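Me: I am new to this structure and would like to go through it step by step. Please reason through each answer before you give the value or name.

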Amino acid sequence: MGRLEGAGIRKPDPQIFHLAAAQAGQSLKGAWMIGDSAEADIGGARNAGLPGVWLHRGRPWPLDRFQPDHTVGNFARAVEVVLATDH
């Protein structure tokens, strides 16, 4: 999202997801967020109405306000989860 840094918007603001999709010429329909930041990545996905896969990297989930849709240990497993989930 390099070109979005200058937009003055950062995750977890849901607008960043909409801007990224627009720059790619896509909608967010069927989109997922895979990330290792509970607040920015998974919280941002939640704010944008997207499912999220949290890469725990050996850490416990740090938030009480919400839970990730899926939790995995590595990116390859995250991709498997996304591909195996009905959209």
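Me: What does the accessible surface of the protein come to, and what percentage of it belongs to carbon and sulfur atoms?

Reply: This is a predicted model, in which local features need pLDDT of at least 70 and side-chain atom pairs count only at pLDDT 80 or more, while totals for chains, interfaces and linings use all residues. Residues are numbered from 1 along each chain as its sequence is written, and side-chain values use heavy atoms, with hydrogens and water left out. Accessible areas come from the Shrake-Rupley method with a 1.4 Å probe, and for residues only the protein chains shown count as cover. On that basis the surface comes to about 5500 Å², and the part belonging to carbon and sulfur atoms is 50%.

Me: In what order do the helices and strands of the protein run from the N terminus on?

Reply: Helices (H or I, at least four residues) and strands (E, at least two) are DSSP runs, numbered from the N terminus. The protein has 3 helices and 3 strands. Read from the N terminus on, their order is α-β-α-β-β-α.

Me: What radius of gyration does the protein have, beside that of a compact globule with 87 residues?

Reply: The radius of gyration is taken over C-alpha atoms, and the globule rule is 2.2 Å times the number of residues to the power 0.38. The C-alpha trace spans about 30 × 25 × 20 Å along the principal axes of the protein. For 87 residues a compact globule would have a radius near 12 Å, and the value for the protein agrees with this, at 13 Å.

Me: Which residues of α2 are buried?

Reply: Buried means under 20% relative accessible area, exposed means over 50%, and partly exposed lies in between (1.4 Å probe, protein chains only). Of the 87 residues of the protein, 34% count as buried, and because 7 of the 10 residues of α2 are buried, this helix is largely enclosed by the rest of the structure. The buried residues of α2 pack against α1, β1 and β2. They are Ala-38, Ala-40, Asp-41, Ile-42, Gly-43, Gly-44 and Ala-45.

Me: Which residues does Gly-43 touch, not counting residues up to four places away in sequence?

Reply: Gly-43 lies in helix α2 and is buried, with a relative accessible area of 2%. Contact here means heavy atoms within 4.5 Å. With residues up to four places away in sequence left out, Gly-43 touches Pro-12, Ala-38 and Phe-66.

Me: Which side chain meets that of Asp-41 in a salt bridge?

Reply: A salt bridge is a side-chain nitrogen of Lys or Arg within 4 Å of a carboxyl oxygen of Asp or Glu, and the structure holds 4 of them. Asp-41 is buried, with a relative accessible area of 6%, whereas its partner counts as partly exposed at 29% relative accessibility. The N to O distance is 2.5 Å, and the side chain that meets Asp-41 is that of Lys-11. The pair links distant parts of the chain, 30 residues apart, with Asp-41 in helix α2 (residues 38-47) and, in the segment before α1 (15-23), Lys-11.

Me: How many residues apart in sequence are the parts that Arg-65 and Glu-39 tie together?

Reply: The side chains of Arg-65 and Glu-39 meet in a salt bridge, at 2.6 Å from N to O. Arg-65 lies in the loop between β2 and β3 and Glu-39 in helix α2, so the parts that this pair ties together are apart in sequence by 26 residues.

Me: Where does Arg-57 lie, and what phi does this residue take?

Reply: Arg-57 forms a salt bridge with Asp-36, and the closest N and O atoms are 3.2 Å apart. At 52% relative accessibility, Arg-57 counts as exposed. Most residues other than glycine have a negative phi, and most peptide bonds are trans. Arg-57 is found in the loop between β2 and β3, and although it is not a glycine, its phi is positive, at about 50°.

Me: Which residues does a cis peptide bond join?

Reply: One partner in this bond is Pro-12, which is found in the segment before α1. The omega angle is about 20°, and the residues joined by the cis peptide bond are Lys-11 and Pro-12.
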